[in-house]
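Here are a few exercises to work through with the model open in your viewer. Try each task before you read its solution.

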Amino acid sequence: MADENINKGRRRFLTASTAVIGGAGLIITAIPFVETWLPSARAQAAGAPVLADVSKVEPGQRLRVGWNKQPVDIVNRTPDQLKWLDSLDSRLRDPDSKEPQQPKYCQNKYRAIRAEWLVFIDICTHLGCVPDYYGEVKPEPFDPKWKGGYYCPCHHSRYDISARVFQGVPAPLNMVVMPYHWVDDTHVLVGVDPPKGSPQLKGALTGSLKGVAA
Ligand code: FES
């Protein structure tokens, strides 16, 4: 039963890659431009960097790209989603991201370089399913106090909108934030750390990157 669910989750990723997916998971819009930047299948398998254009990703939406054979979600978080982060600390297993599940520059409550944008590998740290995005701040059947985040249907693990795992679920760790950086305001290079000396290495930046060197 568990294996069957895991396979379903992986299949879902394969059909959904390089798509923008709305908060309710119903609106799926292909973005041909992103596909033009994707490396060959062989290069992706080797972990080649992937450049993603997020210019069409509205607040509350996410873009999914494939990197290193894994689904990477780039989430444009709303102020309403972000304002609950501090209040969730007591319900989380690793609220301060002390476990090495992210680069140093993302070891902050946003787990991000830019506070609004979460960039991470959407793979559950329990047995590797692909959790679903439940972005809306509203009660859900699996959590009446839900503030937006990810829910893994395989064995009911829950993660907040910074991909931090809740207590009392099978998943042991926050989901992984891989190396990445912003090339400009609308392009993310997945798989490569910010250049040496970049302000992005400080993390938790807010607003536009204009005037901030890559
Ligand atoms: S794989 Fe078991 S809860 Fe996600």
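**Warm-up: the whole chain**

Among contacts in the chain between residues at least 6 apart in sequence, 58% join residues at least 24 apart, where a contact means that two C-beta atoms, placed from the backbone, lie within 7 Å. Keep in mind that this is a predicted model: local features need pLDDT of at least 70, side-chain atom pairs count only at pLDDT 80 or more, and totals for chains, interfaces and linings use all residues. Residues are numbered from 1 along each chain as its sequence is written.

**Exercise 1.** Take stock of the chain: how many helices and strands are there, and what share of the residues counts as buried?

*Solution.* Start with the secondary structure: it comes to four helices and 11 strands. Helices (H or I, at least four residues) and strands (E, at least two) are DSSP runs, numbered from the N terminus. Then go to burial: 36% of the 214 residues count as buried. The cut-offs are 20 or more other C-beta atoms within 10 Å of a residue's own for buried, 12 or fewer for exposed, and partly exposed in between, with C-beta atoms placed from the backbone.

**Exercise 2.** Place Trp67: which strand holds Trp67, and why does Trp67 count as buried?

*Solution.* First find strand β4, residues 62-67, which includes Trp67. Next count neighbours: Trp67 is classed as buried because 21 C-beta neighbours sit inside 10 Å. Finally, check Leu51: Trp67 is 16 residues away from Leu51 in sequence, and their C-alpha atoms are 9.8 Å apart.

**Exercise 3.** Work out the sheet that contains β11: what is its strand order, and which strands are at the edges?

*Solution.* The order is β3-β11-β10, an open sheet of three strands with antiparallel pairing; two strands pair if DSSP finds at least two bridges between them. At the edges are β3 (50-53) and β10 (180-184), each pairing on one side only. From one strand to the next, the twist averages 25 degrees; axes are lines fitted to C-alpha atoms (for helices over the stretch in contact), with angles from 0 to 180 degrees between N-to-C directions. Now zoom in: β3 and β11 (residues 187-190) are antiparallel over four bridges, and Asp53 stands opposite His187 in β11.

**Exercise 4.** Do the other one: what is the strand order of the sheet with β8, and which residue stands opposite Tyr151?

*Solution.* This open sheet of three strands runs β7-β8-β9, again with antiparallel pairing. β7 (132-134) and β9 (157-160) each have a single partner strand, so one side of each lacks a neighbour in the sheet. Strand β8 (residues 149-152) is joined to β9 by four bridges. Opposite Tyr151 you'll find Arg158 in β9.
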